[in-house]
Amino acid sequence: MLTDHEYLRYGASLCLDTFGEEQQMTLKCARVTVIGLGGLGCAASQYLAAAGAGTLVLVDDDTVQLSNLQRQVLYTSEQIGAEKAHNAAKALSQLNNTIAIQAKTLRVNKDNAQELVAGSDVVLDCTDNLTSRWIINKACYQAGIPLVTGAAEGLHGQLMSLKPAEQHGCYACLYPPDTEERPACERTGVWGPLVGIIGTSQAFQAIRVLTGQHSDWGVLHTFDGARMTWSQFYLPASAHCSHCQEGVCKSQ
Ligand SMILES: [Zn+2]
């Protein structure tokens with residue numbers, strides 16, 4: 001049951017034809033883990049907090065740098081040198097103090113990934129490197145947890161929702177483990193608003209996943225900022241993917 005305060009706070013969502021008290025309650029009871037609190041994570045977590053995602057788990061081992069402020073909109077100049085996870089939690093709790101927020105200052109790795117994603121209703125991969133993405137992908141598939149992954153570089157972004165129970169490919173099908181790591185976006189360049197577009201799209205997809213309105217599993221959405229266009233491609237499971245060959249993807 002929603003409170004009177006929640007009816008007022010989420011009124012613009014609740015008056016949608018496809019969204020009502022049942023969906024808002026589902027969000028309220030949801031546990032959403034956001035891994036990476038750079039530009040993507042800042043944008044995604046803002047909209048998840050505002051939408052009323054009941055428990056947000058924020059994971060990042062980094063501290064705020066001056067060069068982050070061009071696109072990482074939860075932080076301020078006064079927070080340079082401070083932990084991102086805790087400062088993001090502070091900003092989000094000011095946005096919505098009716099939700100629970102957990103801040104974890106650590107880097108996802110193969111030893112802690114399973115524990116980090118355990119109990120999540122959906123995980124958002126907002127990291128900036130392939131190694132973390134492969135680890136998160138594998139942990140989510142092993143745990144059977146939906147994963148919304150996003151990336152942005154230059155003027156281009158991509159977005160994909162993966163559900164272990166479906167028969168589409170996984171992140172390692174798209175980028176096999178022998179794929180060369182790309183330099184960080186601060187070296188290759190990225191437009192600040194682009195990470196907002198992709199990050200808020202991750203939040204949009206996560207809310208659709210949580211409220212049962214998601215149907216484009218395994219579809220890679222790519223955004224071309226130079227042309228302001230989106231394209232879609234279905235990602236089939238690769239016969240050469242170690243995850244799929246191990247039966248991780250298809251055994252759920
Ligand atoms: Zn795969």
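Tutor: A residue is buried if 20 or more other C-beta atoms, placed from the backbone, lie within 10 Å of its own; 12 or fewer make it exposed, and anything in between partly exposed. The model is predicted: local features need pLDDT of at least 70, side-chain atom pairs count only at pLDDT 80 or more, and totals for chains, interfaces and linings use all residues. Numbering runs from 1 along each chain as its sequence is written.

Student: How many helices and strands does the protein chain have?

Tutor: Both are DSSP runs numbered from the N terminus, helices being H or I of at least four residues and strands E of at least two. The C-alpha trace of the chain spans about 55 × 40 × 40 Å along its principal axes. Of its 252 residues, 44% are buried. The chain has eleven helices and eight strands.

Student: Is strand β2 mostly covered or uncovered?

Tutor: Strand β2 covers residues 55–59. Four of these five residues are buried. β2 is mostly covered.

Student: Which residues stand opposite Leu56 in β1 and β3?

Tutor: Strands pair if DSSP finds at least two bridges between them. Strand β1 (residues 31–35) pairs with β2 in the parallel sense over five bridges. β2 also runs parallel to β3 (residues 100–104), again through five bridges. Opposite Leu56 stand Val32 and, in β3, Ile101.

Student: Which helix gives the largest share of the largest nonpolar core?

Tutor: Such a core is a set of buried Ala, Val, Leu, Ile, Met, Phe, Trp, Tyr and Cys residues joined through C-beta atoms within 7 Å. The largest has 66 residues, and Val34, Leu56, Leu58, Leu124 and Ala206 have the most contacts inside it. Nine of the core residues come from residues 192–210, helix α10.

Student: Which residues of β3 does Leu58 touch?

Tutor: Contact requires C-beta atoms, placed from the backbone, within 7 Å. Residues up to four places away in sequence are not counted here. Leu58 touches Val34, Leu37, Ser45, Ala85, Ala88 and Ala89, among others. β3 covers residues 100–104, and from that stretch Leu58 touches Ile101, Gln102, Ala103 and Lys104.

Student: What percentage of contacts between residues at least 6 apart in sequence join residues at least 24 apart?

Tutor: The count takes in the protein chain and leaves out pairs less than 6 apart in sequence. The share that joins residues at least 24 apart is 72%.

Student: Which elements do the buried residues of α3 pack against?

Tutor: Helix α3 spans residues 21–28, and its buried residues are Gln23, Gln24, Leu27 and Lys28. They fall within an arc of 145° seen down the helix axis, so they line one face of α3. The arc is that of the directions from the axis to the C-beta atoms. This buried set packs against α2 (11–14), α4 and α10.

Student: Is Lys138 buried or exposed?

Tutor: Lys138 sits in helix α7, residues 130–143. Its C-alpha is 8.9 Å from that of Gln114, 24 residues away in sequence. With 21 other C-beta atoms within 10 Å, Lys138 is buried.

Student: Which residue in the hairpin of β7 and β8 takes a positive phi?

Tutor: β7 (residues 219–224) runs antiparallel to β8 (residues 229–234), and six bridges join them. Thr222 stands opposite Ser231 in β8. Four residues lie between the strands. The phi near 55° belongs to Met228.

Student: Which residue in β7 is the bridge partner of Met160?

Tutor: Strand β6 covers residues 156–162. It runs antiparallel to β7, joined by five bridges. The partner of Met160 is Leu220.

Note on methods:
Two residues are in contact if their C-beta atoms, placed from the backbone, lie within 7 Å.
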